[in-house]
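Trainee: Got a minute? I'd like to talk through the aromatic rings and a charged residue in this one.

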Amino acid sequence: MTSAGLLAVYTVPTLGALRPLTPRQTTGPFYPRELPLDNDNNLVQVTGHQAPAGGEITDLHGQLLDRNGRPLSGVRVEIWQCDVNGRYHHPGDRGGRPLDPGFQGFGHTLTDSQGRYRFRTIRPVPYPGRTPHIHVAVFPEGSEPFVTQLYIAGEARNADDFLYRAIPEEQRRLVTADYRPAQAEGVQWTVEKDIVLEVSSA
């Protein structure tokens, strides 16, 4: 499924007070060494593989904004995460768990004219030593890449996760998202999370 096919209608942000910046986090050890051939924003269906990904299908979307609330358009956004078995599609993940061949593991899209991004993925699951999370990288033109991680609101494991706890408590809400039951067929959860960067819109 293409980026255009996944985009829906969003409300244009109202300009006003400066928005708090999304906290940076580490890229982690499992950023893909080689991008998958099926390289799009739908992580739950791999071209040539009939069965979809295991796990709870999730519609992740939001806007990429500068801190004035202006949308950042035409910017590459990437996500990557482990599959339903807690396994990354990366040769360095040698945990011995089976790899889900129906899960792409990595996806990318470009924000539209309103700064909107959208992915179809799975609800993240834990793997040894980490609470469930989704890695996000953003590549604004003329600025260094921005990397963060998105967490599940109300997840008990967050309290013991060293990277989540490294974020100042008052900023954790900026990388923590509510997972709400989805209304669309074949999708279990919908998640909306804006990302705010210290850059200017074009």
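Mentor: Sure, we'll take the ring pairs, then an arginine, then an aspartate.

Mentor: Ground rules: this is a predicted model, where local features need pLDDT of at least 70 and side-chain atom pairs count only at pLDDT 80 or more, while totals for chains, interfaces and linings use all residues. Residues are numbered from 1 along each chain as its sequence is written, and side-chain values use heavy atoms, leaving out hydrogens and water.

Trainee: How many aromatic pairs does a search of the whole structure find?

Mentor: Seven. Rings of Phe, Tyr and Trp (its six-membered ring) pair if their centres lie within 6.5 Å; planes under 30 degrees apart are stacked, over 60 edge-to-face, the rest tilted. Tyrosine 31 and phenylalanine 106 have ring centres 6.1 Å apart and planes at 90°, so that pair is edge-to-face.

Trainee: Where do tyrosine 31 and phenylalanine 106 lie?

Mentor: Tyrosine 31 is in the loop between helix H1 (3-6) and strand E1 (57-66), and phenylalanine 106 is in strand E3 (residues 106-110), so the pair ties together parts 75 residues apart in sequence. Those labels are DSSP runs numbered from the N terminus, with at least four residues for helices (H or I) and at least two for strands (E).

Trainee: Is phenylalanine 106 buried or exposed?

Mentor: Buried, with a relative accessible area of 2%, whereas tyrosine 31 is partly exposed at 28%. Buried means under 20% relative accessible area, exposed over 50%, partly exposed in between (1.4 Å probe, protein chains only).

Trainee: Which residues do ring pairs link into a cluster?

Mentor: Phe30, Tyr88 and Tyr127. Tyrosine 88 is buried at 2% relative accessibility, and tyrosine 127 is buried at 15%.

Trainee: New topic: which rings does the charged end of arginine 123 sit over?

Mentor: Tyrosine 179, 5.0 Å from the ring centre, and tryptophan 189, 4.6 Å from the ring centre. The test is NZ of Lys or CZ of Arg within 6 Å of the ring centre and within 35 degrees of the ring normal.

Trainee: And what's the nearest side chain of opposite charge to aspartate 38?

Mentor: Arginine 76, 12 Å away; aspartate 38 is buried yet has no salt bridge. That would take a side-chain nitrogen of Lys or Arg within 4 Å of a carboxyl oxygen of Asp or Glu. Lys and Arg count as positive, Asp and Glu as negative; His and the chain ends aren't counted.

Trainee: What does aspartate 38 touch, then?

Mentor: Gln45, Val46, Thr47 and Gln104, leaving aside residues up to four places away in sequence; contact means heavy atoms within 4.5 Å.
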